[in-house]
Amino acid sequence: MNHDDLLKAAEPTSHGGTSAATLAEVPRQGCPDLLEAWIRRVNDRWLVRSGLNHHARAYMDRLVVADPRRLARSCEIVHRLMKLHDPESDPKPWFYGGLFSLATPEEESQYLDGHRFTRMLLPSTPEGRVRAEAEDLELAPEVLRRVQNIRSQIREQIYHTSRVDVELKAAC
């Protein structure tokens, strides 16, 4: 997202088409294979800036080989976040924030370079850096509040999925 996109994110405009279609497709069950396929389909369909969808695909491709369990948890986090987000708001920050929520610092550098807004959403990003980025990007207070809300929800879902990691395997 660029500066104009960030300012638009604070506006009370409807994203009903994107959000409604996305939410209608959210799998009811938390089966890792179904969630991953759904996330890939949504990611490939969305128009995003600076190649975030390509970076997300490459990140998922890497996790399939390197750490499939973490990929399954990330997909579950996205699944839960998409059910929680306000249907009148843009679901992309929730989606990509959840997808990259378990990324290592090295993965953040590799896949999120140039995606400052998405990096701000990650729980691993120190609060001081979030505030500095918000000031640097001249984010409106409403946008910063949305960032903090999404970060809080992501943290909650990370905690929740760490407790039910075993249930993911049994869901199929």
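Start by selecting helix α5, residues 68-84: twelve of its 17 residues are buried (under 20% relative accessible area, where over 50% is exposed and anything in between partly exposed, with a 1.4 Å probe and protein chains only), so α5 is largely enclosed by the rest of the structure. What you have open is a predicted model, in which local features need pLDDT of at least 70 and side-chain atom pairs count only at pLDDT 80 or more, while totals for chains, interfaces and linings use all residues. Residues are numbered from 1 along each chain as its sequence is written, and side-chain values use heavy atoms, leaving out hydrogens and water.

**Stop 1: helix α5**

Colour the buried residues of α5 to see where they sit: Arg 70, Leu 71, Ala 72, Arg 73, Ser 74, Cys 75, Glu 76, Ile 77, Val 78, His 79, Leu 81 and Met 82. Now look at the two ends of the helix. At 1.5 Å a residue (times one less than the number of residues), the 17 residues should span 24 Å, and the end C-alpha atoms of α5 are indeed 24 Å apart.

**Stop 2: the whole protein**

Zoom out and show the cartoon. The protein has eleven helices and zero strands; here helices are DSSP runs of H or I with at least four residues, strands are runs of E with at least two, and both are numbered from the N terminus. Reading along the sequence gives α-α-α-α-α-α-α-α-α-α-α. Of the 172 residues, 48% are buried. Take the contacts (heavy atoms within 4.5 Å) between residues at least 6 apart in sequence: 70% of them join residues at least 24 apart.

**Stop 3: helix α3 and Trp 38**

Next, select α3, residues 32-45. Its 14 residues should span 20 Å at 1.5 Å a residue, which agrees with the 20 Å between its end C-alpha atoms. The buried residues here are Leu 35, Glu 36, Trp 38, Ile 39, Arg 40, Val 42 and Asn 43.

Pick out Trp 38, which belongs to helix α3. Is Trp 38 buried or exposed? Trp 38 has a relative accessible area of 0%, so it counts as buried. Draw a distance from its C-alpha atom to that of Cys 75: the two are separated by 9.2 Å, although their positions lie 37 residues apart along the chain.

**Stop 4: α3 beside α4**

Keep α3 in view and add α4, residues 52-66. Two packed helices are described by the angle and the distance between their axes. The axes of α3 and α4 come within 9 Å and cross at roughly 155°; axes are lines fitted to C-alpha atoms, for helices over the stretch in contact, with angles from 0 to 180 degrees between N-to-C directions. α3 and α4 are therefore roughly antiparallel (over 145 degrees; under 35 is roughly parallel, 65 to 115 roughly perpendicular, and the rest oblique). Show the side chains where they meet: Glu 36, Ile 39, Arg 40, Asn 43 and Asp 44 from α3, with Asn 53, Ala 56, Arg 57, Met 60, Asp 61 and Val 64 from α4. These contact residues divide into four nonpolar, two polar and five charged.

**Stop 5: α6 and α10**

Move to α6, residues 92-99, and α10, residues 141-163. Their axes come within 10 Å and cross at roughly 40°, so α6 and α10 are oblique to each other. Pro 93, Trp 94, Gly 97 and Gly 98 in α6 meet Asn 149, Ile 150, Gln 153 and Ile 154 in α10. By class, this contact has four nonpolar, four polar and no charged residues.

**Stop 6: Glu 108 and Arg 119**

Select Glu 108 in helix α7, residues 105-111. Glu 108 is buried, at 5% relative accessible area. Beyond its neighbours within four places in sequence, Glu 108 is in contact with Ala 103, Asp 113, Arg 119, Leu 122, Ser 124, Thr 125 and Arg 129.

Follow that list to Arg 119, which sits in helix α8, residues 116-121. Arg 119 is buried too, with a relative accessible area of 18%. Again leaving aside neighbours within four places, Arg 119 is in contact with Glu 108, Ser 109, Leu 112, Asp 113, Thr 125 and Arg 129.

**Last stop: Glu 138**

Finish in the loop between α9 (127-136) and α10, where you will find Glu 138. Glu 138 has a positive phi of about 55° although it is not a glycine. At 57% relative accessibility, Glu 138 counts as exposed.

Methods:
Nonpolar A, V, L, I, M, F, W, Y, C, P; charged D, E, K, R; others polar.
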